[in-house]
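Here's a quick briefing on the fold shown below. Have the sequence and the model open side by side, and we'll go through the sheets, then the helices that pack on them, then a single residue.

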Amino acid sequence: MAEPSKVIHIRNVGHEIAESDLLQLLQPFGLVSKIVMLRAKNQALLQMEDIHASVSALQYYSSVQPSVRGRNIYMQFSSHQELTTDQSSHGRNSDQESEPNRILLVTIHHMIYPITVEVLHQVFKAYGFVEKIVTFQKSAGFQALIQYNSRQEAVEAFGSLHGRNIYDGCCQLDIQYSNLSELQVHYNNDRSRDFTNPSLPTEQRPRTSQQQGYPDPAGLYAFQQPGASYAQMGRVAMIAAAFGGTLPHGVTGTNERCTLIVSNLNTDKVDEDRLFNLFSLYGNIVRIKILRNKPDHALVEMADGLQAELAVHYLKGAILFGKKLEVNYSKYPNITPAPDAHDYLNSSLNRFNSNVVKNYRHCCAPTKMIHISALPQEISEETILNHVSEHGSVVNTKLFEVNGKRQALVMFETEEEATEALVCKHASSLEGNTIRISFSQMQSI
């Protein structure tokens, strides 16, 4: 292996792999300060903010084979200790690369379906406060300028969304930094919007319906079905982007029912907090109520229909305390506040209050492996084992550090054991820290 460097050299980077795919692999270890896509050689160079981040990344990927879009890629330290500004071209063959700016220039390729300000706002607001959006048609195609409140928000959006599709197989986002300092918006309508000034006129003109001519719902997760709101379309688009451009098979993204009925619960071991720990993996929880006349039944109200659909998709049939869960949509639209209904609406333990896209990306069915974060800095593997091993047979553990924060992976013999550890120990206190637990999609340590 070459001498350690802040710059990581990546091979076998196919043309289907975008910058954002590589950023997702390496950003957990630290800030990526520069990136060069060497398309002609199927290679890339990424510079981490410091050498500790690059060393951590390569140590981790020496035991875990990184794969992007079904293709194995290979990493090593680069012979470059630094990337120059000229080298760092963000994958575009341009001699006039713009510096990071809070205004993004977005070009939509393969735009089969209409894109409006509402759709763009739903997609981009996941990364920060969007102040203004202006859309227009140029020779390059449909374009938009999107102004964030801060440059950091724009950088995060660029890293996560560049190269992604809004809809499956079309409406691809090609993002550059604009050299403008401020957008001028004169009208609030479907082509431009100033979110800091809602009193702007809408510009009187005939509106044409954009709710017609949509394809069969099955072709696009049904989020262009007649009557589907643009807000819903944008929310699904954001989640689809988090999942790599395509929603999980079987998830439509159009469900509007937020309350779930969960049955076949182990009445001796299940309570509202333990159900919260499990269902909060898939969205924010509003309320949970165990039915007193049917104690093996509970109502779980999620923040929105998409999150409820993800919970049904991933938890139906999961084993919890020896019982196979039944998870379905309830006939009740919500849970009425009451003394026997536990309220989690403002709980700081809800996982989707921040890093929303990252949390969607980690959604999965229960696995044998749990990921533990927010650990004390001086924690030992033995202490972690003592905390979770009562729930099953531990096969392997790994304690590691990301961005200076201690984290751990613990693999159990079965999904059921890992699920029990998660529902019992998520948000528990360990040496004074409130730890967080989720399922890991890694197959081995």
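Two strands count as paired when DSSP finds at least two bridges between them. With that in hand, take Lys138: its bridge partner in S9 is Gly141. Keep in mind that this is a predicted model. Overall, the protein comes to 10 helices and 25 strands, and 52% of its 445 residues count as buried. Among contacts between residues at least 6 apart in sequence, 70% join residues at least 24 apart.

**The six-stranded sheet**

- This open sheet has 6 strands in the order S10-S11-S7-S9-S8-S12, and the pairing is antiparallel.
- Its edges are strand S10 (165-167) and S12, each of which pairs on one side only.
- From one strand to the next, the twist averages 25°.
- Helix H4 (residues 151-161) packs on this sheet and touches S7, S9 and S11, with its direction at about 140° to that of S11.
- Helix H3 (residues 117-124) lies across strand S7 (103-109), S8, S9, S10, strand S11 (170-177) and S12, and it runs at about 130° to S8.
- Zooming in on S8 (residues 130-138), you'll find it paired with S9 (residues 141-148) in the antiparallel sense over 8 bridges.
- S8 is also joined to strand S12 (residues 192-194), again antiparallel, by 3 bridges.
- For a landmark on that S8 to S12 pairing, look at Val134, which stands opposite Ser192 in S12.

**The four-stranded sheet**

- Here 4 strands form an open sheet in the order S21-S22-S20-S25, with antiparallel pairing.
- Strand S21 (394-402) and strand S25 (436-439) are the edge strands, each pairing on one side only.
- The twist in this sheet averages 20° from one strand to the next.
- Strand S20 (residues 369-373) and strand S22 (residues 405-412) pair in the antiparallel sense over 4 bridges.
- A handy marker in this sheet is His371, which stands opposite Leu409 in S22.
- Helix H9 (residues 381-388) packs on the sheet and touches S20, S21 and S22, its direction making about 130° with that of S21.
- Helix H10 (residues 415-425) lies across S20, S22 and S25, running at about 155° to S25.

**Helix H9: which face is which**

- Ile384, His387 and Val388 are the buried residues to look for in H9.
- Seen down the axis of H9, the buried residues fall within an arc of 80°, so they line one face of the helix.
- Turn to the face pointing away from that buried side and you'll see the exposed residues Glu382 and Asn386.
- What covers the buried residues of H9 includes S20, S21, S22, H10 and strand S23 (429-430).

**H6 against H10**

- Helix H6 (residues 272-279) packs with H10 at an angle of about 115°, and the two axes are 7 Å apart.
- H6 passes H10 in a right-handed crossing.
- On the H6 side, the contact is made by Arg274, Asn277 and Leu278, while H10 brings Thr419, Leu422, Val423 and Cys424.
- Sorted by class, the contact of H6 with H10 has 4 nonpolar, 2 polar and 1 charged residues.

**A closer look at Thr419**

- Is Thr419, which sits in helix H10, buried or exposed?
- Thr419 counts as buried because its relative accessibility is 2%, and the cut-off for buried is under 20%.
- Leaving out residues up to four places away in sequence, Thr419 touches Leu278, Ile319, Leu320, Pro366 and Phe439.
- One of those contacts, Leu278, belongs to the H6 side of the helix packing described above.
- Another, Phe439, falls in the range of strand S25 (436-439), an edge strand of the four-stranded sheet.
- Thr419 and His391 are 28 residues apart in sequence, and their C-alpha atoms are 8.9 Å apart in space.

Note on methods
Residues numbered from 1 in each chain as written. Predicted model: local features only at pLDDT ≥ 70, side-chain atom pairs only at ≥ 80, totals over all residues. Heavy atoms only, no water. Helix = DSSP H or I, 4+ residues; strand = E, 2+ residues; numbered from the N terminus. Axes fitted to C-alpha atoms, helices over the stretch in contact; angles between N-to-C directions. Contact = heavy atoms within 4.5 Å. Left-handed = near helix turned anticlockwise from the far one by under 90°. Nonpolar A, V, L, I, M, F, W, Y, C, P; charged D, E, K, R; others polar. Buried < 20%, exposed > 50% of the residue type's maximum accessible area, 1.4 Å probe, protein only. Arc of directions from axis to C-beta.
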